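Student: I'd like a close look at one part of this protein, the first strand, and then a walk outward from there. Could you take me through that part in one go?

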Amino acid sequence: MRRRRFLQLGSLAALGNWPAFADAQGKARGRVVIAGGGFAGSSCALYLKRAAPKLNVVLVDPEAPYTSCPLSSGVLAGLRDLASLQISREGLQRAGVRYLPARVAAVDARHHRVRLDNGATLPYDRLVVAPGIRMRWGTPEGYDEAAAQRMPHAWIAGAQTNQLARQLQAMDAGGVVAISVPTAPYRCPPGPYERASLIAHFLKAHKPRGKVLIFDANNHFPKQDRFNEAWQQFYPGLIEWIPVTEGGAVQRVEPERMLLHTSGGAHAVAVANVIPPQAPGMLALDAGLCSGHGWCPVKPETFESTLVPDVHVIGDACIAGPMPKAASAAHSQGLRCALALAAILDAQAAPDSSLNSVCYNLLAPGYAISMHGRFGITDGAIAEIKDESGEASDAPQNPAREAQAAEDWYRSIVADSFG
Ligand SMILES: Cc1cc2nc3c(=O)[nH]c(=O)nc-3n(C[C@H](O)[C@H](O)[C@H](O)COP(=O)(O)OP(=O)(O)OC[C@H]3O[C@@H](n4cnc5c(N)ncnc54)[C@H](O)[C@@H]3O)c2cc1C
């Protein structure tokens, strides 16, 4: 029962008042431009068009097809190929969204228009900015775009993912694979540990004397007990986690020599997956949407920027209280933002709707764990509803069923985000 309830979260079924609301919004007119068509921007475009069919909804993103980060660590373990994670823009187009394969180069908020990298200018009534993340190059010292060719981050799925997979395949049977984890917050909090698990799975099968070292700039990580339990069961002695208090933070890299420097000394490794600290996509910074902390502050009811009027920020780029930077959260924010925009452009108050997140982590083929969060607004800020958060299904002790639920979740969120 709980599992069924949960699988509905993040879909329209979770928005109990949606059908009545959608009918009432049929009158909304105007133009919404969405910059960035990942899980956040695409969900927003799709549901905006469903809520208010007369709205002119334009989605701008240079990436067609889009490549999903969720499940992409499976590529490293040889469990799938990258092509299986590519999602076309046709579903959105069929839903009536106008898709433009271009990059938004600049926002002119004063005149309500954006300029594209192909020279075109688009006017808007409301702008949604959903550019995901960029890497903060230079941290660790020496980690720049050239270094990322030798030491891939693979934290934006695509060429970097294949690059890391090739390095793993080519390394010696006794090689050490390092994963460097930045200080939180970063995209997909449990992601590095899922990745360590799947790389260990690959090593066990193909490089039996290999080892995974996790250099961590943090002192704990989500679902740590569940990860440790699975690592003991599947990969005894294969994964070593080094927290910041034991010298885990990588301070400097030397890609030519494949060296990682921590306070504990220099570590020579065969493969280095360096995940650097992150910040919102450059467009958000250029448009003046970022606060001193780096991320983009928003009003929780509508996801409108607190810094630039009539511009909304959703997905990994925004500050959404305790919501993780996850595809599920991005999708949920896209829905809330769509509802709010349909109402605002019909001169109505934004309705209330739930915010959710879920993270499934595959630790070995057929063995997954999960965690979900449900969020409301308390004292003007997004807050977790503790007694409605926790394990995502009614069978948390049944990792095989969680693995099946993870597959189901992925299929459903892709359909519910990209049409
Ligand atoms: C290895 C890994 C595993 C993950 N696993 C999971 C998981 O299992 N579950 C989960 O919920 N989350 C997972 N995540 C996190 C998830 O991928 C992100 O949270 C999610 O993609 C965020 O969505 P977004 O729309 O904000 O950003 P993105 O999905 O990154 O989309 C941003 C889009 O904006 C476009 N863009 C950027 N700048 C511009 C511009 N100037 N103009 C136009 N377009 C622009 C980009 O091309 C991109 O398509 C994982 C992440 C990683 C790295």
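Tutor: Here is the strand, followed by some loops and the ligand site.

Some ground rules before we start. This is a predicted model, where local features need pLDDT of at least 70, side-chain atom pairs count only at pLDDT 80 or more, and totals for chains, interfaces and linings use all residues. Residues are numbered from 1 along each chain as its sequence is written, and side-chain values use heavy atoms, with hydrogens and water left out.

The pLDDT (the predictor's confidence in each residue, from 0 to 100) averages 92 over the protein chain, with 92% of its residues at 70 or more. Residues 1-24 are a stretch with pLDDT below 50, and beyond near neighbours in sequence they have 55 contacts in the model; a contact means heavy atoms within 4.5 Å.

Now to β1, residues 31-35. Helices (H or I, at least four residues) and strands (E, at least two) are DSSP runs, numbered from the N terminus. Five of the five residues in β1 are buried, so the strand is largely enclosed by the rest of the structure. Buried means under 20% relative accessible area, exposed means over 50%, and partly exposed is in between (1.4 Å probe, protein chains only). In a regular strand the side chains alternate between the two faces of the sheet. Here R31, V33 and A35 point one way, V32 and I34 point the other way, and all are buried.

What does β1 pair with? One partner is β2 (residues 56-60), in the parallel sense over five bridges, and another is β9 (residues 126-129), also parallel, over four bridges. Two strands pair if DSSP finds at least two bridges between them. As examples, A35 has V60 as its bridge partner in β2, while V32 stands opposite R126 in β9. Put helix α3 (residues 39-51) together with β1 and β2 and you get a right-handed β-α-β unit. Right-handed means that, with the strands pointing away from the viewer, the path from the first strand over the helix to the second runs clockwise.

On to the backbone oddities. Most residues other than glycine have a negative phi, and most peptide bonds are trans. A64 and P65 are joined by a cis peptide bond, with omega about 5°, and P65 sits in the loop between β2 and β3 (66-67). Another cis bond joins A184 and P185, again with omega about 5°; P185 is in the loop between β11 (176-181) and α8 (191-206).

A154 isn't a glycine, yet its phi is positive, about 50°. You'll find A154 in the loop between α6 (147-150) and α7, and it counts as buried because its relative accessible area is 2%. A154 is also among the residues touched by Q160, along with A148, Q149, P152 and H153, not counting residues up to four places away in sequence. Q160 itself is in α7 (residues 159-170) and is buried at 12% relative accessibility. A polar atom of the Q160 side chain lies 2.7 Å from the backbone nitrogen of H153.

Last, the ligand. Of the 34 residues around the ligand, D61, Y66, R187, D316 and A327 come nearest; "around" here means that a heavy atom of the residue lies within 4 Å. A polar side-chain atom of R187 is 2.6 Å from a ligand oxygen, and a backbone N or O atom of A40 is 2.9 Å from a ligand oxygen.

Definitions and conventions: Polar contact = N/O pair within 3.5 Å; in protein donor to acceptor, adjacent residues only side chain to side chain.
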